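Colleague: Please pick one part of this model and take me through it closely. Explain each term as you go.

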Amino acid sequence: MKTRVVTALVAIPPVLLAVLLQTAWPIWVLASIASCVGTLELARLSGRPRHLPLLATLLSVGAAVLLVDPQSLPFSSHRALYLLFAIGLIGLPLTVQARASAWAVEVASLWCAVPLMLLVLAHHETAAAGLWRWDSPVLLVLLPLWAGDTAGLLIGKKWGKKLLAPNISPKKTVVGAWGNLFFCVTMALGLSFSLELPLELGLVCGLAAGLLGQAGDLYQSAWKRKLQVKDSGSLLPGHGGILDRLDSTYFAAPAILSLLEASGYFAR
């Protein structure tokens, strides 16, 4: 637990700094690095340690082109990214083999690259003049997930008895899952004021973070169990690899951003 906390204290400030800056370049750099490392972890787990997924790299480059071009497409026209994410999600089970094919790894890499590029573009499309900002939609994705993950861990450890999915994740409890959901919703409702969102939209986004974030965690746990590994890597002591740390983000980010898009948030 101590190692996990220290890692979080080191890793969270740079991420928050990137999100709170008006320019999208810092968050693009972090997202690109995380995407690259995550896809390398995916390739290694799939039995192809020397394979660098090119689709994820092209996505990062494409996002950079949109950041440079002043006539970049509005966020609502990036719906093709959601399709790519769905394709990556479908391709992920194909990597659960002794040695997955190169194309399976390429397709599955979209699962861990698309959500991060969506966050970059969402941040870019809502940027304004000045240096700092406190209303990035990325906050509505990250903060509820962080709050829910921390609360679920502590509450489950303190009061959890009944396991949520013992065949998939032997440490997650039902009480911890409810605690995770409650704090995701609470944090999202609080952020509704700074983002100037209707409370009902904040509620739905909080539910999406709590439910889909935990679903992503369980999904990856089941995937790793089939591959017979505990962690995707060792880059983040106490957390594992990039895939381990961002599993909830991969599922929740596309859903929350699509909810914001449907509400007209990016057209304001």
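Modeller: Helices (H or I, at least four residues) and strands (E, at least two) are DSSP runs, numbered from the N terminus. Helix α1 covers residues 2-20, and L17 lies in it. The model is predicted: local features need pLDDT of at least 70, side-chain atom pairs need 80 or more, and totals for chains, interfaces and linings use all residues. Residues are numbered from 1 along each chain, and side-chain values use heavy atoms, without hydrogens or water.

Let us look closely at L17. L17 is partly exposed, because its relative accessibility is 43% (buried is under 20%, exposed over 50%, partly exposed in between; 1.4 Å probe, protein chains only). L17 joins L131, W132 and W134 in a nonpolar surface patch. Together the four have about 490 Å² of accessible area (Shrake-Rupley method, 1.4 Å probe, only the protein chains shown as cover). Patch residues have over 30% relative accessible area and no salt bridge; nonpolar side chains (Val, Leu, Ile, Met, Phe, Trp, Tyr) are joined within 5 Å, like charges within 9 Å. A salt bridge puts a Lys or Arg side-chain nitrogen within 4 Å of an Asp or Glu carboxyl oxygen.

For contrast, turn to some aromatic rings. The structure has six aromatic pairs (Phe, Tyr or six-membered Trp rings, centres within 6.5 Å; stacked under 30 degrees, edge-to-face over 60, the rest tilted). Y265 and F266 are edge-to-face, because their planes meet at 85 degrees, with centres 5.3 Å apart. Y265 is buried at 6% relative accessible area. F266 is buried at 15%. Elsewhere, ring pairs link W111, W223 and Y250 into a cluster.
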